[in-house]
Amino acid sequence: MKKILFIYMITLCCLSLSAQETTTLYRYGKPLETCETNFKNLFANFHKYVKAESIDLLSYEYVGTVENAELAHKLVKKNLDHSPSWIVSSGELIAKQDSNVMERHSKLEIQLLAEETISKKEKKEMAKTIANEYIRPGDRIYLLRFVCDGKTFEQYVFIHPDTKEVVTQGNVFGFDIKVSHIEYCNRIRN
């Protein structure tokens, strides 16, 4: 009996941990063999897993390499000064799996905000921290273009060339997404 109870508890713990596993829209999909794979994943994943009708991804292009913290700070500041104000809300979606079982799944939705939520002083401090703590000399710089609510935006995206990972801090599309949400969306599509 103790063995069965132990196995049951271990199974519950594992299920609980896997339900909390997260990824990003850049990371999920094709293995990150090149820096550009991040954008292929983002473009393939965005509207598949996030409800955001007023946002359209347009293009991305390589624009250079981070030479120093000053350049990183300048570009991050541009990102923060010229980005849409939105929050990524995750609600709960209750779906019927079969005749007897109800499942709970997260749903992701981008909600545009009518007014600025971060002060200039906070943006300046954020830009300094991101540029000094998360972006390194040698990181690749890409320019991502997208439309949000009828306006075109350009955002600089930084990628570590050794790991091919996007710097998600200060990145408007760098939010975490639960793997269970992705699996649920994939299941209902099939």
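In this predicted model, F173 touches Y26, L42, F46, I55, L57, W86, L144 and F146, when residues up to four places away in sequence are not counted. F173 is itself buried, with a relative accessible area of 0%.

The largest nonpolar core of the structure has 26 residues, and F146 and F173 are those with the most contacts inside it. The elements that give two or more residues to this core are the helices α2 (37-49) and α5 (179-189), together with the strands β2 (55-65), β5 (140-148) and β6 (151-159). A second core, separate from this one, has 14 residues, among them L75, V76, A131 and I135. In soluble globular proteins, nonpolar side chains tend to be buried together.

Aromatic rings form a further part of the picture, for the structure holds nine aromatic pairs. Two of them involve F146 and are set out here.

| Pair | Centre to centre | Angle between planes | Arrangement |
|---|---|---|---|
| F146 and F153 | 5.6 Å | 20° | stacked |
| F146 and F173 | 4.9 Å | 80° | edge-to-face |

Because F146 lies in strand β5 and F173 in the loop between β6 and β7 (176-178), the pair of F146 and F173 ties together parts that are 27 residues apart in sequence. F146 is buried, with a relative accessible area of 0%, and F153 is buried as well. Elsewhere among the aromatic residues, ring pairs link Y26, F39, F43, Y60, Y62 and Y142 into a cluster; Y26 is also one of the residues that F173 touches.

Technical notes:
Residues are numbered from 1 along each chain as its sequence is written. This is a predicted model: local features need pLDDT of at least 70, side-chain atom pairs count only at pLDDT 80 or more; totals for chains, interfaces and linings use all residues. Side-chain values use heavy atoms; hydrogens and water are left out. A nonpolar core is a set of buried Ala, Val, Leu, Ile, Met, Phe, Trp, Tyr and Cys residues joined through side-chain atoms within 4.5 Å. Buried means under 20% relative accessible area, exposed over 50%, partly exposed in between (1.4 Å probe, protein chains only). Helices (H or I, at least four residues) and strands (E, at least two) are DSSP runs, numbered from the N terminus. Contact means heavy atoms within 4.5 Å. Rings of Phe, Tyr and Trp (its six-membered ring) pair if their centres lie within 6.5 Å; planes under 30 degrees apart count as stacked, over 60 as edge-to-face and the rest as tilted.
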